[in-house]
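Visitor: Hi, I'm new to this one. Could you walk me through it?
Guide: Sure, have a look first.

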Amino acid sequence: MNDVITTLLRCPSCGGALEILEDEYYVWFGCRRCLRYVRRGKRELVRRYVDYSARFFNWRGLVEELYALYR
Ligand SMILES: [Zn+2]
């Protein structure tokens, strides 16, 4: 795993800060305390959340999807 990004979102189970990690193929989202993570393929996320023509990365959409998946 590479860098860990700690978000302001809280784990519904323990109240801990949720975090984002990535490896070669996936973006992972979850709680270090509960050791529960969900993941989405990077290729799929880029296709849906990166608009190259507008040079826009829809971080909000990405995090909202991962958070919904986690809950
Ligand atoms: Zn937790």
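Guide: A quick definition to start: helices (H or I, at least four residues) and strands (E, at least two) are DSSP runs, numbered from the N terminus. Two strands pair if DSSP finds at least two bridges between them. This is a predicted model, where local features need pLDDT of at least 70, side-chain atom pairs count only at pLDDT 80 or more, and totals for chains, interfaces and linings use all residues. Residues are numbered from 1 along each chain as its sequence is written.

Visitor: Okay, so how many residues sit between β2 and β3 in their hairpin?
Guide: Three. β2 pairs with β3 (residues 26-31) in the antiparallel sense, over five bridges.

Visitor: And which residue is the bridge partner of Leu21 in β3?
Guide: That's Trp28.

Visitor: What about β1 and β2, how many bridges there?
Guide: Four, also antiparallel, between β1 (residues 4-10) and β2 (residues 17-22). Arg10 has Ala17 as its bridge partner in β2. This hairpin has six residues between the strands, and Gly15 there takes a positive phi near 85 degrees.

Visitor: Switching topic: is Gly41 buried or exposed?
Guide: Exposed, because 11 other C-beta atoms lie within 10 Å. The cut-offs are 20 or more for buried, 12 or fewer for exposed and partly exposed in between, with C-beta atoms placed from the backbone. Gly41 is in strand β4 (residues 36-41).

Visitor: What is Gly41 in contact with, leaving aside neighbours within four places in sequence?
Guide: Tyr25 and Tyr26. Contact means that the C-beta atoms, placed from the backbone, lie within 7 Å.

Technical notes. Two residues are in contact if their C-beta atoms, placed from the backbone, lie within 7 Å.
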